Amino acid sequence: MPRHIVCLTFDFDTESGFIARGWDSPTPLSRGEFGVMASGRILKTLKDRNLPSTWFVPGFTIESHAAASAAVVEGGHEVAHHSWAHVPPALQSRDEEAEDMARANEAIVKLTGKKARGYRSPSWDLSENTIELLIAEGMEYDSSLMGSDYIPTWARRGDKFKLGETITYGDNTNLVEMPITWSLDDFPHFEFIRTPDVTLPGLQSARHVMDSWWDEFLYMQKSVEWGILTYTMHPYVIGRGYRMLALEGLLDKLAEAGAIFMTMEDAAREARDHI
Ligand SMILES: [Zn+2]
């Protein structure tokens, strides 16, 4: 019996990513703030369809936007770890990363009554310490790496590489790695970014993006008997009206096509038998 799982994941960053990047004048901050309002319409869309999902919520959002964060829990969705301040681990010392990780998990315990089972790194940039710290923190899965697509892997520790030499993979851990990719993330498709160094055009047609996301599901159906497809969205990005309309269309098509919607926590547990 084929089984094609879809994980809908929302990185509930609000203003945190903008502050972490130093884009902290009023308009960039308001761009993140829009996520607070948009989270309500996303929760409604999910509720109307009875769909589970996973929200990676920074401690910053939990403590700055308590009511919006509580609504995620009330909707029955999984709350997972996404740092406290949205600083990428690759930019932190080991101690800074460990402190931030513990602080964010305390916020999650206060919100949900239990520690996070899963983690996704801010801006998808792990440090060489992250996997070990996640294991010490009692996590079951990470969702930050791009080395696979439909079949999760075991997260590794201690890969060895050097310019001009071959790479040697380190040991598998017991942490499930739930693969992701920028192509299934709303941010690069839609967000217009202009800085002194770079302009990212974004602002693509929502229907075109959803067509690509739908094709990814079709290819999973065609190529594996069992698999998980993970979509990554941000309330302040996907929550704009025309994008919501396109997303709703995709969700309805996926449901009709037999997609099994699961939280990442549940999907990661099931994945242990398929790695
Ligand atoms: Zn984020």
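These legends walk through five close-up views of a predicted model. Local features are described where pLDDT is at least 70 and side-chain atom pairs at pLDDT 80 or more, while totals for chains, interfaces and linings use all residues. Residues are numbered from 1 along each chain as its sequence is written, and side-chain values use heavy atoms, with hydrogens and water left out.

**View 1. The zinc ion and its protein donors.** Look for D13, which gives two OD entries, and for the NE2 atoms of H82 and H86, lying 2.1 to 2.5 Å from the zinc ion. Donors here are N, O and S atoms within 2.8 Å of the metal (3.2 Å for Na, K and Ca); water is not among the atoms, so sites may look incomplete. The angles among the four donor atoms run from 54 to 138 degrees, and the site is irregular. Four donors would count as tetrahedral if all angles lay between 85 and 135 degrees; four count as square planar and six as octahedral if opposite donors are over 155 degrees apart and all others between 65 and 115; anything else is irregular. Along the chain, the donors follow the spacing D-x68-H-x3-H. D13 sits in the loop between strand 1 (3-11) and helix 1 (16-21), and H82 in the loop between strand 3 (78-81) and helix 5 (94-112), so the pair ties together parts that are 69 residues apart in sequence. Helices (H or I, at least four residues) and strands (E, at least two) are DSSP runs, numbered from the N terminus. Both D13 and H82 are buried; buried means under 20% relative accessible area, exposed over 50%, and partly exposed in between (1.4 Å probe, protein chains only).

**View 2. Helix 2 beside helix 10.** The axes of helix 2 (residues 26-49) and helix 10 (residues 241-256) come within 11 Å and cross at roughly 20 degrees. That makes helix 2 roughly parallel to helix 10. Axes are lines fitted to C-alpha atoms, for helices over the stretch in contact, and angles run from 0 to 180 degrees between N-to-C directions; under 35 degrees counts as roughly parallel, over 145 as roughly antiparallel, 65 to 115 as roughly perpendicular and the rest as oblique. Residues that meet across this pair include R41 and I42 in helix 2, and M244 and E248 in helix 10.

**View 3. Helix 8 beside helix 10.** Here the axes are 9 Å apart, and the helices pack at an angle of about 20 degrees. Helix 8 is therefore roughly parallel to helix 10. R207 belongs to helix 8 (residues 206-223) and is exposed, with a relative accessible area of 53%. Leaving aside neighbours within four places in sequence, R207 is in contact with L245 and A246, where contact means heavy atoms within 4.5 Å.

**View 4. Two residues with positive phi.** Most residues other than glycine have a negative phi. S83, not a glycine, has a positive phi of about 70 degrees. S83 lies in the loop between strand 3 and helix 5 and is buried, at 3% relative accessibility. For L203, phi is near 55 degrees. L203 is found in the loop between strand 9 (199-200) and helix 8, and is exposed at 53%.

**View 5. The surroundings of S183.** S183 lies in the loop between strand 7 (171-177) and helix 7 (186-190). With a relative accessible area of 40%, S183 is partly exposed. Apart from neighbours within four places in sequence, S183 is in contact with H189 and W213.
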